[in-house]
Amino acid sequence: MSPRYRDESDFRSRPSKRGSRPRSKQRPAHDEATTAFVTGIDRGRYTLLVDEGLPDERVVIAMKARELGRTRVVCGDRVDVVGDVSGDDGTLCRIVRITERVSVLRRTADDTDPYERIIVANAHQLVIVTALADPEPRPRMIDRCVVAAYDAGMRVLLCLTKADLADPEPLAAMYRPLGVEVVVSRRGEDGSALDAESVERVRAELVGRTSVFVGHSGVGKSTLVNALVPDARRATGHVNAVTGRGRQTSTSAVALRLPGQAGWVIDTPGVRSFGLAHVEPSTILAAFEDLAEVAAQCPRGCTHLDSAPDCELDAWATEDPELAPLRAARLVSFRRVMSARTEPAGRAD
Ligand SMILES: Nc1nc2c(ncn2[C@@H]2O[C@H](COP(=O)(O)OP(=O)(O)OP(=O)(O)O)[C@@H](O)[C@H]2O)c(=O)[nH]1
Ligand SMILES: [Zn+2]
């Protein structure tokens, strides 16, 4: 395993100040624990869904058991809880364990916080919401999101909004060679917020998946999420009724269920960038199976970038005249994304 950046999960193995002590009667092994899905977090209170999809399904509020220490529980986590899991008003259960995560999406460390925090766990897909105009698309930011998704082992759906204002084709053509799914949405011709057909096309890509939505302010992410999940509040319940505290803080992710239990939409307000410093080039390469196979023959230490001498990918791109245009486009896109990893993030990326 290559070294990776420290994040909060490193705290998990830190011994407690009092030293380890054997489990006592007060600390049972929690064999009776119930598994739950974390849909939201608000200042130390976790909104969970218990018995998901069953007739008894209910929203419960939980706190983290002290034994979890500084381990962070995030939206999308599946956790084990003990205590009162009835979901009745005023009850509070305890999260005692996080089940193994199948994917983790990390946001970048910043001035106020030196750690790359995990923001969402167990998601299948990253939905990058980008406006075709107003505000102008930023391909470098899209590339960075693509790298973050591939690093997390997530599928990418590029959602191009405001197609009523600009032609989606040039941008779509930049991303199709990556194998990224592209969907387009536009305002309804009847003046409705969104054209119903485009909403359906987006929805079709979400069925059966847990999808994380990211996008800069003003791109139309809220408009889209509201169209996809009309009764968002009811589906998630709210922490506020129990804690009496204010609104969900604007930076924490929240999971919203698609109607008909067709999947989960995780909205991430305020997430502006992803940590890429820890990403290994080999991880990105692995997301491109055809290229990875060819690149296996490259000289040792090959970066596979334009500047790399004797990169096997150059020969591969041109060797078959019929496939050359497709392969060249794929190689260009691949190299662009590869270089996004090492470029410094722009201020607003
Ligand atoms: N022309 C056009 N405008 C749209 C479309 N979708 C959303 N808008 C408008 O774009 C503006 C921003 O939309 P929001 O949904 O609030 O954008 P957001 O990405 O959630 O931005 P924040 O709320 O700042 O996070 C609003 O005025 C919307 O009405 C679209 O398909 N076409
Ligand atoms: Zn190479």
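# A tour from strand E9 outwards

Start with Thr-130: it stands opposite Leu-160 in strand E9. Helices and strands here are DSSP runs (helices are H or I and have at least four residues, strands are E and have at least two), numbered from the N terminus. Before moving on, note that this is a predicted model, in which local features need pLDDT of at least 70 and side-chain atom pairs count only at pLDDT 80 or more, while totals for chains, interfaces and linings use all residues. Residues are numbered from 1 along each chain as its sequence is written, and chains are lettered from A and ligands numbered from 1 in the order in which they are written.

**Stop 1: E8 and E9**

Select 125-131 for E8 and 155-161 for E9. The two strands run parallel and are joined by seven bridges. Strands count as paired if DSSP finds at least two bridges between them. Colour E9 by burial: six of its seven residues are buried. Buried means that 20 or more other C-beta atoms lie within 10 Å of the residue's own; exposed means 12 or fewer, partly exposed is in between, and C-beta atoms are placed from the backbone.

**Stop 2: helix H4**

Now select 221-228, helix H4. Which of its residues are buried? Lys-221, Leu-224, Val-225, Ala-227 and Leu-228 are. Look down the helix axis: these buried residues fall within an arc of 160°, so they line one face of H4. The arc is taken over the directions from the helix axis to the C-beta atoms.

What do they pack against? Show E8, E9, helix H3 (196-206), and strands E11 (210-214), E12 (254-257) and E13 (264-267). Contact here means that the C-beta atoms of two residues, placed from the backbone, lie within 7 Å.

**Stop 3: ligand 1**

Stay with H4 and show ligand 1. H4 gives the most to the shell around ligand 1, namely three residues. The ligand has 16 residues around it, and those that come nearest are Ser-217, Gly-220, Lys-221, Ser-222 and Thr-223. A residue is near a molecule if its C-beta atom, placed from the backbone, lies within 6 Å of it. Colour the shell by type: three residues are nonpolar, eight polar and five charged. Nonpolar covers Ala, Val, Leu, Ile, Met, Phe, Trp, Tyr, Cys and Pro; charged covers Asp, Glu, Lys and Arg; the others, Gly among them, are polar.

**Stop 4: helix H3**

Select H3, residues 196-206. Its buried residues are Ser-198, Val-202 and Leu-206. They are on the same side of H3, because they cover an arc of only 90° around the axis. Turn to the other side: Ala-196, Glu-197, Glu-200 and Ala-204 are exposed there. The cover over the buried residues of H3 includes E9, E10 (181-184), E11, H4 and E13. Past the helix, pick Gly-208, which has a positive phi near 80°.

**Stop 5: strand E1 and its partners**

Jump to residues 34-42, strand E1. Seven of its nine residues are buried, leaving E1 mostly covered. Click Thr-39 in E1. Why does Thr-39 count as buried? Because it has 25 C-beta neighbours inside 10 Å. Draw a C-alpha to C-alpha distance from Thr-39 to Val-74: it reads 8.6 Å, across 35 residues of sequence.

Add E4, residues 78-82, which pairs with E1 in the antiparallel sense over four bridges. Here Phe-37 has Arg-78 as its bridge partner. Then add E2, residues 45-50. E1 and E2 run antiparallel, joined by six bridges, with Ile-41 partnered by Tyr-46 in E2. Two residues lie between the strands of this hairpin, where Arg-43 takes a positive phi near 40°.

**Stop 6: strand E3**

Select 58-64, strand E3. Five of its seven residues are buried, so E3 is largely enclosed by the rest of the structure. E2 pairs with E3 in the antiparallel sense over five bridges; Leu-49 has Val-59 as its bridge partner. E5, residues 93-98, pairs with E3 in the parallel sense over three bridges. Find Cys-93 in E5, opposite Ala-62.

**Stop 7: zoom out**

Show the whole protein chain: 10 helices and 13 strands. Of its 349 residues, 39% count as buried. Colour by domain: domain 1 is 32-98, domain 2 is 104-267 and domain 3 is 281-340. These bounds come from an automatic or database domain assignment. The C-alpha centres of domain 1 and domain 3 are 45 Å apart. Finish with a contact map: among contacts between residues at least 6 apart in sequence, 65% join residues at least 24 apart.
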